[in-house]
Amino acid sequence: MIKWDPLFEGACPPDQYKVYYRDVNLVAWESHNVSGKVFQYDLELKCFKEYELAVTASWRRSTETPLKNSRKWKVKTGKGTETYH
């Protein structure tokens, strides 16, 4: 599970977030769209692998914050359930 804080408090909230993930040995990112009212997402990642995770936000599904400017988490999955903030 990956969790994040809302991008704006009291301003224009994003319409959606996009959760990106990739195996650190691969170049291509995969992603899932998440409602702007949700601040966590369960990823089904393989055990004992290293991944990079990131979250972007978008408004009206046309303006997305750049992935290159997003915080990246490098994680290694175990055999249980992990939560990344």
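In this predicted model, the largest pocket has a volume of about 240 Å³. Twelve names would be a lot to take in at once, so to speak, but the lining reads well in sequence order: Trp4, Asp5, Pro6 and Leu7 come early, Tyr17 follows, then Val55, Thr56 and Ala57, and finally Thr65, Ser70, Arg71 and Trp73. As for character, the lining splits into seven nonpolar, three polar and two charged residues. Strand β5 gives the most to this lining, with three residues.

The pocket sits in a protein built from strands. Its secondary structure comes to zero helices and seven strands, and reading along the sequence gives the pattern β-β-β-β-β-β-β. Of the 85 residues in the protein, 34% are buried.

What about the nonpolar interior? In soluble globular proteins, nonpolar side chains tend to be buried together. Here the largest nonpolar core has 13 residues, and those with the most contacts inside it are Ile2, Trp4, Val19, Leu53 and Val55. At least two residues of this core come from each of β2 (16-23), β5 (50-59) and β7 (73-76). Strand β5 supplies the largest share, four residues. Strand β5 is thus a recurring name, giving the most both to the pocket lining and to the core. Trp4 and Val55 also turn up twice, as residues with the most contacts inside the core and as part of the pocket lining.

Aromatic rings come next. The count is three aromatic pairs. One of them joins tyrosine 17 and phenylalanine 39 edge-to-face, with 6.1 Å from centre to centre and 70° between the planes. Tyrosine 17 lies in strand β2, while phenylalanine 39 lies in the loop between β3 (30-35) and β4 (40-41), so the pair ties together parts that are 22 residues apart in sequence. The two partners differ in how much surface they show: tyrosine 17 has a relative accessible area of 2% and is buried, whereas phenylalanine 39, at 32%, is partly exposed. Add Trp4 to Tyr17 and Phe39, and the three form one aromatic cluster. Of this cluster, Trp4 and Tyr17 are also found in the lining of the largest pocket.

Charged side chains make links too. Side chains of opposite charge can pair when their charged atoms come close. The count here is two salt bridges. In one, glutamate 52 meets arginine 22, and the closest N and O atoms are 2.7 Å apart. Glutamate 52 belongs to strand β5 and arginine 22 to strand β2, so this pair ties together parts that are 30 residues apart in sequence. Are these partners buried or exposed? Both glutamate 52 and arginine 22 are buried.

The other salt bridge brings together the side chains of lysine 49 and aspartate 23, at 3.0 Å from N to O. Lysine 49 is in the loop between β4 and β5 and aspartate 23 is in strand β2, so parts that are 26 residues apart in sequence are tied together. Lysine 49 counts as partly exposed, at 29% relative accessibility. Aspartate 23, in contrast, is buried, with a relative accessible area of 11%; the cut-off for buried is under 20%.

Technical notes:
Residues numbered from 1 in each chain as written. Predicted model: local features only at pLDDT ≥ 70, side-chain atom pairs only at ≥ 80, totals over all residues. Heavy atoms only, no water. Core = buried A, V, L, I, M, F, W, Y, C linked by side-chain atoms within 4.5 Å. Buried < 20%, exposed > 50% of the residue type's maximum accessible area, 1.4 Å probe, protein only. 1 Å grid on protein atoms, 1.4 Å probe; cavity = no way out; pocket = protein on both sides within 12 Å on 5 of 7 lines; lining within 4 Å. Points joined across faces, edges and corners; volume = space filled by probe spheres on them. Nonpolar A, V, L, I, M, F, W, Y, C, P; charged D, E, K, R; others polar. Phe/Tyr/Trp six-rings, centres within 6.5 Å; stacked < 30°, edge-to-face > 60°. Salt bridge = Lys/Arg side-chain N within 4 Å of Asp/Glu carboxyl O.
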